[in-house]
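Let's take a walk through a small set of structural features, starting with the whole chain and then zooming in on single residues. Keep the viewer open as you read.

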Amino acid sequence: MKYPISTGQAARLLGVIEPRLAETVRRGKVWPPPPVLAGRRLWSREHVRQAAQYLGLLNQDLELTFNAEATRGE
């Protein structure tokens with residue numbers, strides 16, 4: 001997956017709904033918050049990782065996905 005991604009894409013990746021993911025930003029659990037461009041948040045791999053960790057979704061499979069993407073340069 002090419003980063004940055006939208007909130008919807010990040011939510012699908014993590015298997016949560018967008019409002020739950022957006023709440024991680026409002027609560028300050030993703031820092032620095034993903035930048036906003038044209039009213040849309042742009043999530044980097046690290047932003048998604050932080051949200052997954054806060055939501056208790058960061059497991060070995062997801063970590064392997066992030067590492068594989070980073071290795072491929074995505």
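What follows goes from the overall fold to the backbone and then to a few side chains.

First, a word on what you're looking at: this is a predicted model. The protein chain holds 4 helices and 2 strands. Start at the N terminus and trace along, and the elements come in the order α-α-β-β-α-α.

How does the radius of gyration of the protein chain sit against that of a compact globule? For 74 residues, a compact globule would come out near 11 Å, and the protein chain has 11 Å, so the two agree. If you'd like a feel for the dimensions, the C-alpha atoms fill a box of roughly 30 × 25 × 20 Å, taken along the principal axes. Of the 74 residues, 34% are buried. Now look at the contacts whose partners have a separation of 6 or more: 48% of them link residues 24 or more positions apart.

On the outside, the protein chain exposes about 4,700 Å², and carbon and sulfur atoms supply 52% of that area. As for charge, there are 11 positive and 7 negative side chains, with the centres of the two sets 6 Å apart.

Next, the backbone. Which peptide bonds here are cis? One joins Tyr3 and Pro4, with omega at about 5°. You'll find Pro4 in the segment before α1, the helix that covers 7-14. Another cis bond runs from Trp31 to Pro32, where omega is near -5°. Pro32 belongs to the loop between α2 (18-26) and β1 (36-37).

Carry on past β1 and you come to Ala38, in the loop that leads to β2 (40-41). Ala38 is not a glycine, yet its phi is positive, about 55°. Is Ala38 buried or exposed? Its relative accessibility is 78%, and the cut-off for exposed is over 50%, so Ala38 counts as exposed.

Beyond β2 there's another loop, between β2 and α3, and that is where Ser44 lies. Ser44 has a relative accessible area of 26%, so it counts as partly exposed. Pro34 is 10 residues away along the chain, and the C-alpha atoms of the pair are separated by 7.3 Å. Which side chain does the side chain of Ser44 make a polar contact with? The partner is His47, and the contact is 2.9 Å.

His47 itself is in helix α3. With a relative accessible area of 9%, His47 falls under the 20% cut-off and is therefore buried. What is His47 in contact with, once neighbours within four places in sequence are set aside? The list is Val30, Pro32, Pro33, Pro34, Pro35 and Leu42. You've met Pro32 already, as the residue on the far side of the cis bond from Trp31. Pro34 has come up as well, through its C-alpha separation from Ser44.

Stay in α3, which spans residues 45-54, and look at Arg49. Arg49 has a relative accessibility of 17%, so this charged residue counts as buried. The side chain of Arg49 makes a polar contact of 3.3 Å with the side chain of Glu46. Leaving out neighbours within four places in sequence, Arg49 is in contact with Leu58, Glu63, Phe66 and Asn67.

Back towards the N terminus, Ala11 is part of helix α1. Ala11 is buried, because its relative accessible area is 2%. Which residues is Ala11 in contact with, apart from neighbours within four places in sequence? They are Val16, Ile17, Glu18 and Leu21. Ala11 and Ala52 are 41 residues apart in sequence, and in space their C-alpha atoms are 9.7 Å apart.

The last stop is Glu69, in helix α4, which runs over residues 60-72. Is Glu69 buried or exposed? Its relative accessible area is 4%, so Glu69 is buried. Val25 lies 44 residues away along the chain, and the C-alpha atoms of Glu69 and Val25 are separated by 23 Å.

Note on methods. Residues are numbered from 1 along each chain as its sequence is written. This is a predicted model: local features need pLDDT of at least 70, side-chain atom pairs count only at pLDDT 80 or more; totals for chains, interfaces and linings use all residues. Side-chain values use heavy atoms; hydrogens and water are left out. Buried means under 20% relative accessible area, exposed over 50%, partly exposed in between (1.4 Å probe, protein chains only). The radius of gyration is taken over C-alpha atoms; the globule rule is 2.2 Å times the number of residues to the power 0.38. Contact means heavy atoms within 4.5 Å. Accessible areas come from the Shrake-Rupley method with a 1.4 Å probe; for residues, only the protein chains shown count as cover. The place of a charge is taken as NZ of Lys, CZ of Arg, CG of Asp or CD of Glu. A polar contact is a pair of N or O atoms within 3.5 Å; within protein, one must be able to donate a hydrogen and the other to accept it, and residues adjacent in sequence count only if both atoms are side-chain atoms.
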